[in-house]
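Here is a short set of exercises to work through with the model open beside you. Take each task in turn, try it on screen, and then follow the solution step by step.

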Amino acid sequence: MRIGLGYDIHRLVSGCRLVLGGVEIGAEVGFDTHSDGDVLCHALVDAMAGALADGDLGTHYPEDDPAADDARSLDFVAEFAAVVAAAGYRVTSVDSFVVLGTIRLRPHLDAMKLNLAGALGIDPGQVSVKARSNDGIGPEGEGRAASATAAVLLQPA
């Protein structure tokens, strides 16, 4: 078995889309990044890469790559799941959480979970997505940023 941990954070700005776990959240703020900025998907790719000891999100999807402009981060998850499979492993468990204090995420968690499970090709029962508000503390709690952490368990295929 192999275990990986991933993390990502992005600043929130007015007038941009907020996408988490492949779900567009209706909000006045979002991520101003080269892709859709989905911190949850980014953390999950980092976790899978870490479990394989194969770099991180930036290694495989560099910010200066024009192909990543406006990319859908959920596609990164599906693409990297294929890398995991090619290495002889399969994702058997995902545990994750998003930290964003000013926007209610609970109504969207099931859709995020289904999206991630679909991109990974696993049962939704193998994926956990949770949300935290940070109680108004730090950039996430104050609504200036959103972050995500993900852990994955890989087993030989």
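Helices here are DSSP runs of H or I with at least four residues, strands are runs of E with at least two, and both are numbered from the N terminus. Please keep in mind that this is a predicted model.

**Exercise 1. Take stock of the fold**

Task: Find how many helices and strands the protein has, and work out how compact the protein is for its length.

Solution:
- Step 1. Count the elements: the protein contains five helices and seven strands.
- Step 2. Read them off from the N terminus, and the order is β-β-β-β-α-α-α-β-α-β-α-β.
- Step 3. Turn to the radius of gyration, which is 15 Å; the globule rule gives 15 Å for 157 residues, so the protein is as compact as a globular protein of that length.
- Step 4. Add the outer dimensions: along the principal axes, the C-alpha atoms fill a box of roughly 40 × 35 × 25 Å.
- Step 5. Look at burial and contacts. Of the 157 residues, 45% count as buried. Among contacts between residues at least 6 apart in sequence, 72% join residues at least 24 apart.
- Step 6. Finish with the surface: the accessible area is about 7400 Å², and 49% of this belongs to carbon and sulfur atoms.

**Exercise 2. Lay out the sheet**

Task: Work out the strand order of the five-stranded open sheet and say which strands stand at its edges.

Solution:
- Step 1. Trace across the sheet: the order is 4-1-7-5-6, with mixed pairing.
- Step 2. Look for the edges. Strand 4 (29-31) and strand 6 (127-132) each have a single partner strand, so one side of each lacks a neighbour in the sheet.
- Step 3. Check the twist: neighbouring strands are turned by 25° against each other on average, direction ignored.
- Step 4. Recall the general principle: strands of a sheet pair through backbone hydrogen bonds, either parallel or antiparallel.
- Step 5. Begin with strand 1 (residues 2-14), which pairs with strand 4 in the antiparallel sense over three bridges. Val13 stands opposite Gly30 of strand 4.
- Step 6. Move on to strand 5 and strand 7 (residues 145-156), an antiparallel pair with ten bridges. Here Val94 has Val152 of strand 7 as its bridge partner.
- Step 7. End with strand 5 and strand 6, which pair in the parallel sense over six bridges. Ser96 stands opposite Val129 in strand 6.

**Exercise 3. Pack the helices**

Task: Describe how helix 4 sits against the sheet and which residues make the contact between helix 3 and helix 4.

Solution:
- Step 1. Place helix 4 (residues 109-120): it lies across strand 5 (89-99) and strand 6, running at about 145° to strand 6.
- Step 2. Bring in helix 3 (residues 73-86), whose axis comes within 8 Å of that of helix 4, with a crossing angle of roughly 35°.
- Step 3. List the contact residues: helix 3 supplies Leu74, Val77, Ala78 and Ala81, while helix 4 supplies Asn115, Leu116, Ala119 and Leu120.
- Step 4. Sort them by class, which gives seven nonpolar, one polar and no charged residues.

**Exercise 4. Visit two strand residues**

Task: Decide whether Val127 and Thr92 are buried or exposed, and list what each one touches.

Solution:
- Step 1. Locate Val127 in strand 6. Its relative accessible area is 3%, so Val127 is buried, the cut-off being under 20%.
- Step 2. List its contacts, leaving out residues up to four places away in sequence: Val127 touches Val94, Lys113, Leu116, Ala117 and Ile122.
- Step 3. Gauge a distance: Val127 and Val152 are 25 residues apart along the chain, and their C-alpha atoms are separated by 9.2 Å.
- Step 4. Go to Thr92 in strand 5. Thr92 is buried too, with a relative accessible area of 14%.
- Step 5. With the same exclusion of sequence neighbours, Thr92 touches Gln126, Leu153 and Gln155.

**Exercise 5. Check two positive phi angles**

Task: Find where Ala53 and Asn134 lie, and say how exposed each one is.

Solution:
- Step 1. Ala53 lies in the loop between helix 1 (39-51) and helix 2 (57-60). Its phi is positive, about 55°, although Ala53 is not a glycine.
- Step 2. Ala53 is exposed, with a relative accessible area of 65%.
- Step 3. Asn134 is found in the loop between strand 6 and helix 5 (138-141). Its phi is near 65°, again a positive value in a residue other than glycine.
- Step 4. Asn134 is partly exposed, with a relative accessible area of 32%.

How values were computed
Residues are numbered from 1 along each chain as its sequence is written. This is a predicted model: local features need pLDDT of at least 70, side-chain atom pairs count only at pLDDT 80 or more; totals for chains, interfaces and linings use all residues. Side-chain values use heavy atoms; hydrogens and water are left out. Two strands pair if DSSP finds at least two bridges between them. Axes are lines fitted to C-alpha atoms, for helices over the stretch in contact, and angles run from 0 to 180 degrees between N-to-C directions. Contact means heavy atoms within 4.5 Å. Ala, Val, Leu, Ile, Met, Phe, Trp, Tyr, Cys and Pro count as nonpolar, Asp, Glu, Lys and Arg as charged, and the others, Gly among them, as polar. The radius of gyration is taken over C-alpha atoms; the globule rule is 2.2 Å times the number of residues to the power 0.38. Buried means under 20% relative accessible area, exposed over 50%, partly exposed in between (1.4 Å probe, protein chains only). Accessible areas come from the Shrake-Rupley method with a 1.4 Å probe; for residues, only the protein chains shown count as cover.
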